[in-house]
Amino acid sequence: MQGLGKSLIVFGLIIAAVGVVLTFAGKIPWLGRLPGDIYVKRDNFTFYFPLATSILISVILSLILWLLRK
């Protein structure tokens, strides 16, 4: 049962961290506007794919989870 308890605590911390990031995401000017993000705007069509932002978030989360596993 200790393993389940630790997993729930880690999961709760991750959810809290995501909540903090979403709360302050509008105040971080570069988030979502990195050089590798794809943005196409035409007359009646807008396409936005945050490729570089997704990669950056993935790397950060991978590092955090790797550190928690150690």
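How many bridges join strand β1 to strand β2, and in which direction do the two strands run relative to each other? In this predicted model, strand β1 covers residues 38-41 and strand β2 covers residues 46-49. The two strands run antiparallel, and four bridges join them. One pairing can be picked out by name: Val40 has Phe47 in β2 as its bridge partner. The link between β1 and β2 is a hairpin, which passes through four residues.

Attention now turns to helix α2, which spans residues 51-69 and includes Thr53. Is Thr53 buried or exposed? The relative accessible area of Thr53 is 6%, and a residue counts as buried when this value is under 20%. Thr53 is therefore buried. Leaving aside residues up to four places away in sequence, Thr53 touches Leu31, Gly32, Arg33, Leu34 and Asp37.

A helpful next stop is the largest pocket, with a volume of about 490 Å³. Its lining is made up of 17 residues, and the closest to the pocket centre are Ala17, Val18, Val21, Ile60 and Leu61. Which helices each supply at least two residues of this lining? Both α1, which covers residues 2-24, and α2 do so. Helix α2 thus appears twice in this account, as the helix in which Thr53 is found and as a contributor to the lining of the largest pocket.

What classes of residue make up that lining? Sorted by class, the lining has 17 nonpolar residues, with no polar and no charged residues.

Technical notes: Residues are numbered from 1 along each chain as its sequence is written. This is a predicted model: local features need pLDDT of at least 70, side-chain atom pairs count only at pLDDT 80 or more; totals for chains, interfaces and linings use all residues. Side-chain values use heavy atoms; hydrogens and water are left out. Buried means under 20% relative accessible area, exposed over 50%, partly exposed in between (1.4 Å probe, protein chains only). Contact means heavy atoms within 4.5 Å. Two strands pair if DSSP finds at least two bridges between them. On a 1 Å grid over the protein atoms alone, a cavity is a set of points where a 1.4 Å probe fits but cannot get out, and a pocket is an open set with protein on both sides within 12 Å along at least five of seven lines; lining residues have an atom within 4 Å of a point. Grid points are joined across faces, edges and corners, and a volume is the space filled by probe spheres set on the points. Ala, Val, Leu, Ile, Met, Phe, Trp, Tyr, Cys and Pro count as nonpolar, Asp, Glu, Lys and Arg as charged, and the others, Gly among them, as polar.
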